[in-house]
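Here is a short guided tour of a protein chain, written for someone who likes to check a model by eye. Please keep the viewer open while you read.

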Amino acid sequence: MEQTLSIIKPDAVAKNVVGKILDRFESAGLRIAATKKIKLSREDAEAFYAVHAQRPFFKDLVDFMISGPVVVTVLEGKDAMAKNRDLMGATNPKEAAPGTIRADFAESIDANAVHGSDSLENAANEISFFFSQREIC
Ligand code: GDP
């Protein structure tokens, strides 16, 4: 059993497709172990994406992630990390496979609907960034 972190980004929250995206996870056999809607501060977003701090798109990424509320979710299940990455589709929605979340709900590489942890180590760190142990059931 694995756990991974998903973020439904401000574009998808604004489009009112949170339920549709959570349904993709549940329909694929993943369980929601924790979830909450929050508004990130600039400090939160900069810390969360610190690995990208030197990339040219860092400021755009941070500005976008604080432009509205997000829904952060701990997903749990067999191969949860890889399964979530498959459900998300490619970073650039124009390259995302048909039927993936990004193909169906995202507009651009900036506003690409969802984040998902890309390794088990990052998943553990990202989950503890957002949730205390007693919030995860
Ligand atoms: P992910 O794991 O598929 O989300 O992709 P990455 O970890 O490589 O990048 C993190 C996030 O940065 C992506 O989801 C995009 O929102 C954003 N991003 C990545 N590459 C670019 C880019 O070339 N331009 C812009 N504007 N944003 C990017």
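Helices (H or I, at least four residues) and strands (E, at least two) are DSSP runs, numbered from the N terminus. By that rule V17 sits in the loop between α1 (10-14) and α2 (18-27). This is a predicted model, in which local features need pLDDT of at least 70, side-chain atom pairs count only at pLDDT 80 or more, and totals for chains, interfaces and linings use all residues. Residues are numbered from 1 along each chain as its sequence is written, and side-chain values use heavy atoms, with hydrogens and water left out.

**The overall fold**

The protein chain holds 7 helices and 4 strands. Read from the N terminus, the order is β-α-α-β-α-α-β-α-α-β-α. Along the principal axes, the C-alpha atoms occupy a box of roughly 35 × 35 × 25 Å. The radius of gyration, taken over C-alpha atoms, is compared with a globule rule of 2.2 Å times the number of residues to the power 0.38. For 137 residues a compact globule would come near 14 Å, and the protein chain agrees, with 14 Å.

Contact here means heavy atoms within 4.5 Å. Of the contacts between residues at least 6 apart in sequence, 76% join residues at least 24 apart.

**The nonpolar cores**

Buried means under 20% relative accessible area, exposed over 50%, and partly exposed in between (1.4 Å probe, protein chains only). Of the 137 residues, 45% count as buried. In soluble globular proteins, nonpolar side chains tend to be buried together. A nonpolar core is a set of buried Ala, Val, Leu, Ile, Met, Phe, Trp, Tyr and Cys residues joined through side-chain atoms within 4.5 Å.

Which residues touch the most other members of the largest nonpolar core? They are L5, I7, M65, V74, F130 and F131, in a core of 22 residues. Two or more residues come from each of β1 (2-8), β2 (31-38), α3 (42-48), α4 (58-65), β3 (70-77) and α7 (120-130). The most come from α4, which gives 5 residues. A second, separate core has 17 residues, among them V17, L22, L30 and I101.

To see V74 in its setting, leave aside neighbours within four places in sequence: its contacts then include Q3, T4, L5, I32, I127 and F131.

**Four residues to click on**

| Residue | Place | Relative accessible area |
|---|---|---|
| V17 | loop between α1 and α2 | 8%, buried |
| N16 | loop between α1 and α2 | 69%, exposed |
| D79 | loop between β3 and α5 (80-88) | 40%, partly exposed |
| N84 | helix α5 | 0%, buried |

Not counting residues up to four places away in sequence, V17 touches A12 and F105. The C-alpha atoms of V17 and K36, 19 residues apart along the chain, are separated by 15 Å.

N16 is a residue other than glycine with a positive phi, near 65 degrees. D79, also not a glycine, has a positive phi near 55 degrees.

Where is N84 placed? It belongs to helix α5. With neighbours within four places in sequence set aside, N84 is in contact with T4, L5, S6, F25, L30, L75, H115 and G116.
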